[in-house]
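Subject: Structure for your review

Dear colleague,

Please find below the structure that I am handing over to you. My notes on what was found in it follow directly after.

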Amino acid sequence: MEKVRTLVEDDDSWATEVPQGWSEVHRNTRWIADCIVSLCEAEAGWIFISINNSSGSPSNMIHYINDLLLRKSQLCPDPSLKYLFLLNNSYFVAQMIEPCESGHDCKLTPECKAYMDSYLDVSWGDVLCCIAKSHFPGLLHCWISTPSLAKFESAFSKTYQAQKFWKVPDPRLRNILRRAITERVVSSYREYLKEHPELAEQVSHSKSTPEVLEEMLGQLFEG
């Protein structure tokens, strides 16, 4: 296993692909995941004796790939891409080790959940800040809310256009991530419009209705 680690660590593709915005499953991730699966099968078949005490045990290799991905993700120039890279690769490893049943949504591992939450915060936090609840009363509250809506629409469009062609290869993970964005962004937007009925009427005749935004988010991450 030390030879595998050396080859993976020294592979130049990390330094060429990741800084260019590569967020998909890296070939070295696939290779190490295959090794982990083989080790698990070997351990189950009693091929190796006391494998849990070796540096090449499945649990040690899982810890190694998680640490490796964290280190290589630092090459990502964009924080959002960094967490998407970590999510895609960590999810792939988790599915190789313990696949989900066909037709069922997968429960994310704690690592994957943390990466997804970090992605949501980094990517969509600024969008939601535009429609944060105002504590100003009366007419001032209405006056402030109008530019907030314009800022929200602009920030949403900017983030959406930047990420529209990013890729999440696994369809189940893609759906999980889309739903998470929709629940966080569109749900907050609906609440904002409920608080500002004068804007809800304005939005209903535009291309920025919650339904339209939800449809747009449903097109993310196809690549």
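Of the 223 residues in the protein chain, 42% are buried. Please bear in mind that this is a predicted model. The chain holds 10 helices and zero strands, so that by definition of the elements the order from the N terminus reads α-α-α-α-α-α-α-α-α-α.

Pockets

The largest pocket encloses about 280 Å³ of space. Its lining is made up of 17 residues, and those closest to the pocket centre are Ser90, Val93, Ala94, Gln95 and Thr109. Three helices, α4 (58-73), α5 (79-97) and α6 (110-129), each contribute at least two residues to this lining. The largest share belongs to α5, with six residues. By residue class, the lining of the largest pocket comprises 10 nonpolar, four polar and three charged residues.

The second largest pocket has a volume of about 200 Å³. Helices α6 and α7 (138-163) each supply at least two of its lining residues, and α7 gives the most, with five. Among the residues that line the second largest pocket are Asp78, Ser80, Val122, Asp126, Lys158 and Trp166. Here the division is five nonpolar, four polar and three charged residues. Helix α6 therefore deserves a look from both sides: α6 supplies at least two lining residues to the largest pocket, and α6 does so for the second largest pocket as well.Aromatic contacts

The count of aromatic pairs comes to five. In one of them, the ring centres of Tyr119 and Phe221 are 6.2 Å apart and the planes stand at 70°, so this pair is edge-to-face. Tyr119 belongs to helix α6, whereas Phe221 lies in the segment after α10 (210-217), so the contact ties together parts that are 102 residues apart in sequence. Tyr119 is buried, with a relative accessible area of 0%. Phe221 is likewise buried, also at 0%.

A further pair is formed by Trp124 and Phe156; this pair is tilted, with 5.6 Å from centre to centre and 50° between the planes. The two residues are 32 residues apart, Trp124 in helix α6 and Phe156 in helix α7, and the pair links these distant parts of the chain. Both Trp124 and Phe156 are buried. They also belong to one aromatic cluster, which is formed by Trp124, Phe152, Phe156, Tyr160 and Tyr189.

One charged group is to be noted beside a ring: Arg30 lies over the face of Phe92, at 4.9 Å from the ring centre.

Cysteines

How many disulfides does a search of the whole structure find? The result is zero. For Cys129, the nearest cysteine sulfur is that of Cys130, at 7.0 Å, and Cys129 is in no disulfide. A disulfide would need the two sulfur atoms to lie within 2.5 Å. Cys129 counts as exposed, because its relative accessibility is 56%. Cys112, by contrast, is buried, with a relative accessible area of 1%.

The C-terminal part

Two residues here may merit your attention. Pro210 has its place in helix α10 and is buried, with a relative accessible area of 8%. The C-alpha atom of Pro210 is separated by 6.9 Å from that of Tyr189, although the two residues are 21 residues apart along the chain. Tyr189 is also one of the residues of the aromatic cluster described above.

The other residue is Phe221, found in the segment after α10. Which sign does the phi of Phe221 have? Its phi is positive, at about 70°, although Phe221 is not a glycine. Most residues other than glycine have a negative phi. Phe221 thus combines this backbone angle with the buried, edge-to-face ring contact to Tyr119 already mentioned.

With kind regards

How values were computed: Residues are numbered from 1 along each chain as its sequence is written. This is a predicted model: local features need pLDDT of at least 70, side-chain atom pairs count only at pLDDT 80 or more; totals for chains, interfaces and linings use all residues. Side-chain values use heavy atoms; hydrogens and water are left out. On a 1 Å grid over the protein atoms alone, a cavity is a set of points where a 1.4 Å probe fits but cannot get out, and a pocket is an open set with protein on both sides within 12 Å along at least five of seven lines; lining residues have an atom within 4 Å of a point. Grid points are joined across faces, edges and corners, and a volume is the space filled by probe spheres set on the points. Helices (H or I, at least four residues) and strands (E, at least two) are DSSP runs, numbered from the N terminus. Ala, Val, Leu, Ile, Met, Phe, Trp, Tyr, Cys and Pro count as nonpolar, Asp, Glu, Lys and Arg as charged, and the others, Gly among them, as polar. Rings of Phe, Tyr and Trp (its six-membered ring) pair if their centres lie within 6.5 Å; planes under 30 degrees apart count as stacked, over 60 as edge-to-face and the rest as tilted. Buried means under 20% relative accessible area, exposed over 50%, partly exposed in between (1.4 Å probe, protein chains only). A charge sits over a ring if NZ of Lys or CZ of Arg is within 6 Å of the ring centre and within 35 degrees of the ring normal.
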